[in-house]
Structures are given as C-alpha cells and as structure tokens.
Amino acid sequence: MTDIPSADDALARLDMPLAEAMMTQRAVRRVLPDPVDDAVVLKCIELALRAPTGSNGQNWEFIVVKDQSVKDKLAKRYRQAWSLYGGVGRRVAAGDEPMQKILRAVQWQVEHFSEIPVLVVPCLRGGTRVPYMPSPFVGESSFFGSIYPSVQNLLLAARAMGLGASLITLPLWSVTSARRTLGLPLTVTPVCVVPLGWPRGRYGPTTRKPVGEVVHLDGYGNRAWRDT
C-alpha cells in the first residue's frame, strides 16, 4: 500500500536536490484516486510561475480540475483520441516490449482518467501565433514556448513532492470542445493536461541514451562526443 504523505510532509520534500529530481523524473500515469491537498497543487503551480516566458509576458492561466463532471467530459475526449492513436501505436510497437509497457500505462490512464484526483490544464492567453513573426512555425514555437518551461517546473515540483504526474495532450484534441468544457474564452488556449495523483508505484532511475549519441557539434552528424 502506498503511503500518502500529509501536505506538510509533501511540501518538506521540496528540498530534494535538483539533479536527483531530474534524474528520477518520469511520466507516472498510474495514480491513486485519493485526494491531493490543495496546498500541494498550488505549490506546484506557484513554482511553475517561476519559469521564464516570452518577453516576460506571463500570459498563462492554469485550470485546476477536480469536478467530476468536468473530468468525465475530458475523459470522453481522451477515449475518443486514444481509440485511434492507441490502435496505431500498438501496431507500430508490435514486438517492442518497452514501448508496449508504455502503451499499457497510457491505456490504464485512459480507462481510469475520471478517477484521477486532480487535472491541471495550463493555458495561454492570446492567439496561437506571435503577430510580428514572419513564419507561422516560428510564431507557434514562440507561443507554446511561453508555457512549456512552466510545465516542466510543475512536473519537477510534483516529482520532488512525490506526486505522480505526466504531460498529455490527447484530451485536448478538440480545442473547441475543451474550451467549452473548461469555460475558456476564445482568447485563452489550453495547451496540455497534467494529471496529478499519488503514484501507485515508485519513482526510480530512468534509462536514457548516452549524451554522445544525440549531441552534434556545429552540424548534424558530427557526433564529436560519441565515445566520451
């Protein structure tokens, strides 16, 4: 049985070394239905607000979802999207056990989404493009780049306090529906969902490729540090 910390105990864990939080962070999708104290959720968002934003615009909003009817509506959209992407993923990952394990975790999250105690929906005010950017790609990158550093702060804070968390987007596949469900005006765009709950399992070291395999010096293909 997973021990659920008090709010004070969870907040005290924020003294975890940053490197430890980074090295053991992972997407934790299987979480308990037990409630998460508001103080813990708000601390995650408070630390998210410390991240930089484009031009220091701070044009973010965070919707904390605990109402069952709202969770049920987002869960319905998640199931709709997963009915398509899940099937494709299983075919592509046939014979790949690590990927199959991830797909099983996502499947669990889809099936139990309505039971997750808290959903945090980070949003941005303004359009999806920066008006003065000549390229749509650069404009959209600048727009979403103003929120994802704060989402990473939120995820690291959750990790330090022992919360299970993950960054997902499939419940928002219909932005129109998401706006209606969350009561968002057209000027506010939901960008992802971060489910929060006390994990059913435990955090631990993650497996990643060596840095030399993914770093290129001055141009693609020059893996100068492959053997270091």
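Here are some questions and answers about helix packing and salt bridges in this predicted model.

Reader: Are helices α4 and α5 roughly parallel or roughly antiparallel?
Author: Let's start with their axes, which come within 11 Å and cross at roughly 165 degrees. Angles over 145 degrees count as roughly antiparallel. So α4, relative to α5, is roughly antiparallel.

Reader: Which class, nonpolar, polar or charged, has five residues in the contact of α4 with α5?
Author: On the α4 side, the residues in contact include Tyr-78, Trp-82 and Arg-90. On the α5 side, Leu-103, Val-106 and Gln-107 are among them. Sorted by class, the contact has two charged residues, four polar ones and five that are nonpolar.

Reader: Which residue forms a salt bridge with Glu-61, and where does that partner lie?
Author: The closest N and O atoms of this pair are 2.7 Å apart, and the partner of Glu-61 is Arg-125. Glu-61 belongs to strand β1, so the bridge ties together parts 64 residues apart in sequence. Arg-125 itself lies in strand β2.

Reader: Is Lys-66 buried, partly exposed or exposed?
Author: Lys-66 meets Asp-38 in a salt bridge, at 2.7 Å from N to O. This pair links distant parts of the chain, with Asp-38 in helix α3 and Lys-66 in the loop between β1 and α4. Buried would need under 20% relative accessible area, and exposed over 50%. Lys-66 has 44%, so the label is partly exposed.

Reader: How far apart are the closest N and O atoms of Glu-97 and Arg-104?
Author: Glu-97 is partly exposed at 46%, and Arg-104 is partly exposed at 41%. Their side chains form a salt bridge, and the closest N and O atoms are apart by 2.6 Å.

Conventions: Residues are numbered from 1 along each chain as its sequence is written. This is a predicted model: local features need pLDDT of at least 70, side-chain atom pairs count only at pLDDT 80 or more; totals for chains, interfaces and linings use all residues. Side-chain values use heavy atoms; hydrogens and water are left out. Axes are lines fitted to C-alpha atoms, for helices over the stretch in contact, and angles run from 0 to 180 degrees between N-to-C directions. Helices (H or I, at least four residues) and strands (E, at least two) are DSSP runs, numbered from the N terminus. Angles under 35 degrees count as roughly parallel, over 145 as roughly antiparallel, 65 to 115 as roughly perpendicular and the rest as oblique. Contact means heavy atoms within 4.5 Å. Ala, Val, Leu, Ile, Met, Phe, Trp, Tyr, Cys and Pro count as nonpolar, Asp, Glu, Lys and Arg as charged, and the others, Gly among them, as polar. A salt bridge is a side-chain nitrogen of Lys or Arg within 4 Å of a carboxyl oxygen of Asp or Glu. Buried means under 20% relative accessible area, exposed over 50%, partly exposed in between (1.4 Å probe, protein chains only).
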